[in-house]
Amino acid sequence: MTAAGTVPFPVRPAAVIILAAGAGTRMKSRKPKILHEIGGISMIGHALAAARALDPKVLVAVVRHERDLVAEHIAAMDPSAVIVDQDNVPGTGRAVQAALESLPDTLTGTVVVTYGDVPLLTTALLAELVEVHSTDRNAVTVLTAVLDNATGYGRILRAGDGTVLGIREHKDADAAERDIREINSGIYAFDAAVLRAALGRVTADNSQGEMYLTDVLSIARNDGGRVAAVVTGDRWQVEGANDRVQLAALGVEHNRRTVTAWMRAGVTVIDPASTWIDSTVRLAEDVTILPGSQLHGSCTVARDAVVGPDCTLTDVQIGEGAEVTRTHGSGARIGVHAHVGPFTYLRPGTDLGADGRIGAFYETKNVTIGRGSKLSHLGYAGDAEIGEDTNIGCGNITANYDGENKHRTIIGSGVRTGSNTVFVAPVVVGNGAYSGAGTVIRKDVPAGALSVNASGQRTMEGWTLAKRPDSVSARHARSVSAGSTDPNSSRIQSFIEEGTHE
């Protein structure tokens with residue numbers, strides 16, 4: 001679950017800078033790394049939401065790789081965000097410097113630096129970082145975590161008084177320093193003046209030819225500033241995703257937290273491990289989610305509704321007390337106490353009224369179904385309007401497409417249709433009308449009328465033996481002709497004789 005709006009934290013930062021310029025080559029994707037999703041929201045979307053909820057005076061995103069695509073996405077997620085381009089000088093130090101150059105020289109206060117690929121970072125942890133930084137009057141405050149295996153991470157070097165001496169990259173650390181388990185997350189709170197002055201002294205004179213943001217810490221300390229750390233016990237909040245393996249791990253953890261939060265809010269989830277719920281989904285108390293269910297997009301589920309097992313729903317609204325079983329659906333609305341499934345396909349525009357039913361092996365699209373109406377099994381309803389208390393028989397379909405255009409079918413209230421009825425649109429069936437089994441309705445049916453295709457049954461005896469003499473069917477037909485005692489023969493004969501007496 002994500003909080004809507006901003007939170008009244010004690011200290012409001014002057015700016016939050018989100019670094020989103022990296023290429024993310026290890027993701028091996030045409031899509032920019034930060035646009036990959038977790039819980040239905042892009043990684044940069046999670047970062048923007050966490051930062052915006054701090055209520056900074058300005059929020060800046062620094063972009064470079066796939067600039068236009070990333071900038072467009074950021075603008076859609078947070079229209080107030082300032083988008084800044086990083087130039088050809090590589091490094092996090094240069095990215096932050098470019099962001100500062102877009103802001104007024106008079107900017108004072110706390111500047112937070114974070115990343116577009118840390119989707120589990122929360123506003124609450126950022127707020128703690130800002131508050132400690134402000135309360136302790138630090139020049140720099142770094143967010144750190146303690147890991148069992150710190151291989152690959154920069155290590156935090158501390159002085160005897162607990163302040164931070166500096167950060168040693170893993171490749172540069174000696175054996176004793178590599179035993180340190182406290183690592184640098186790369187997320188900081190800076191005093192704006194300290195940051196601006198220090199970046200002016202950071203160079204790219206190193207083996208990588210990059211401007212390192214970490215150099216600001218040693219510069220600030222040498223200038224007499226206090227450099228400190230806030231340690232989080234929740235390592236997931238500072239984990240980034242550099243490849244698909246890490247992305248999947250973060251996705252699993254994000255989903256675990258989301259599902260846990262909903263259970264604490266009064267939702268019954270029978271099997272959390274097989275249940276996936278996007279950040280954007282909304283659930284009421286006493287909803288039950290059965291195993292193998294996935295809720296995506298803007299799904300909403302009202303009180304006492306039951307979803308699952310084995311449902312995949314996107315942007316579906318489910319009414320109070322409704323039941324949805326083994327259903328794939330998107331862009332649909334399911335009314336109060338309605339039933340859907342099993343093995344149902346709800347396409348966009350499906351609107352099922354209260355107490356209605358769409359049953360097994362049914363597909364619906366752009367159809368409105370009134371209160372108490374039932375489409376129970378084996379059919380298709382598309383581009384249609386169905387009234388109240390109507391029962392659509394087994395195998396009914398609306399033939400809505402003529403090869404070039406779609407047409408609508410209107411079926412009234414209280415209608416009863418026989419099995420395998422076909423409605424050739426455009427056609428209107430009046431209230432209270434009936435259709436016989438196998439009817440093809442090509443013309444409007446008045447209210448209260450019965451529509452049938454009056455074609456008599458034609459039986460051609462001996463056809464199988466004449467036309468399919470070598471078939472299995474012919475063999476069985478011959479056994480009857482020869483007076484076989486096959487039990488099927490006697491049952492058929494008894495049926496014929498009973499019909500003859502009626």
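Me: Which residues does UniProt list for "domain: MobA-like NTP transferase"?
Reply: This is a predicted model, and the domain assignment comes from the UniProt record, where the entry is unreviewed. In the model, the listed span is 34% helix and 23% strand. The residues listed are 16–144.

Me: How far apart are the end C-alpha atoms of residues 16–144?
Reply: The span in question is the one that UniProt, in an unreviewed entry, gives for the domain. Its end C-alpha atoms lie apart by 18 Å.

Me: Which residues does the UniProt annotation "binding site" cover?
Reply: The annotation belongs to an unreviewed entry. One covered residue, D117, has its place in the loop between β6 (110–115) and α4 (123–135). The residues covered are D117 and N242.

Me: Why can D117 and N242 be said to gather at one spot, and what C-alpha distance supports this?
Reply: UniProt places D117 and N242 under the "binding site" annotation. They span 126 residues in sequence, so sequence position alone does not put them together; they gather at one spot because no two of their C-alpha atoms are more apart than 8.1 Å.

Me: Are α3 and α6 oblique or roughly perpendicular to each other?
Reply: Helix α3 (residues 92–101) packs on helix α6 (residues 192–199) at about 120°, and their axes are 10 Å apart. Roughly perpendicular covers 65 to 115 degrees. The angle of about 120° therefore makes the two helices oblique.

Me: Which residues of α6 make the contact with α3?
Reply: α3 passes α6 in a left-handed crossing. From α3, the contact uses G93, V96, Q97 and L100. By class, the contact has four nonpolar, two polar and one charged residues. On the α6 side, the residues are L195, R196 and L199.

Me: How is α6 oriented to α7?
Reply: α6 and helix α7 (residues 215–222) pack with their axes 9 Å apart, at an angle of about 110°. That angle therefore makes α6 to α7 roughly perpendicular.

Me: How many nonpolar residues has the contact of α6 with α7?
Reply: α6 contributes V194, L195, A198 and L199, while α7 contributes V216, I219 and A220. The contact has no polar and no charged residues. The number of nonpolar residues is seven.

Me: Over which residues does pLDDT stay under 50?
Reply: The chain averages a pLDDT of 92, and 94% of the residues score at least 70. Where pLDDT is low, the predicted coordinates should not be read in detail. The stretch under 50 has 11 contacts beyond four places in sequence, and is residues 1–7.

Conventions:
Residues numbered from 1 in each chain as written. Predicted model: local features only at pLDDT ≥ 70, side-chain atom pairs only at ≥ 80, totals over all residues. Heavy atoms only, no water. Axes fitted to C-alpha atoms, helices over the stretch in contact; angles between N-to-C directions. Helix = DSSP H or I, 4+ residues; strand = E, 2+ residues; numbered from the N terminus. Parallel < 35°, antiparallel > 145°, perpendicular 65-115°, else oblique. Left-handed = near helix turned anticlockwise from the far one by under 90°. Contact = heavy atoms within 4.5 Å. Nonpolar A, V, L, I, M, F, W, Y, C, P; charged D, E, K, R; others polar. UniProt positions renumbered as here; feature names shortened; annotations may be inferred. pLDDT = per-residue confidence, 0-100.
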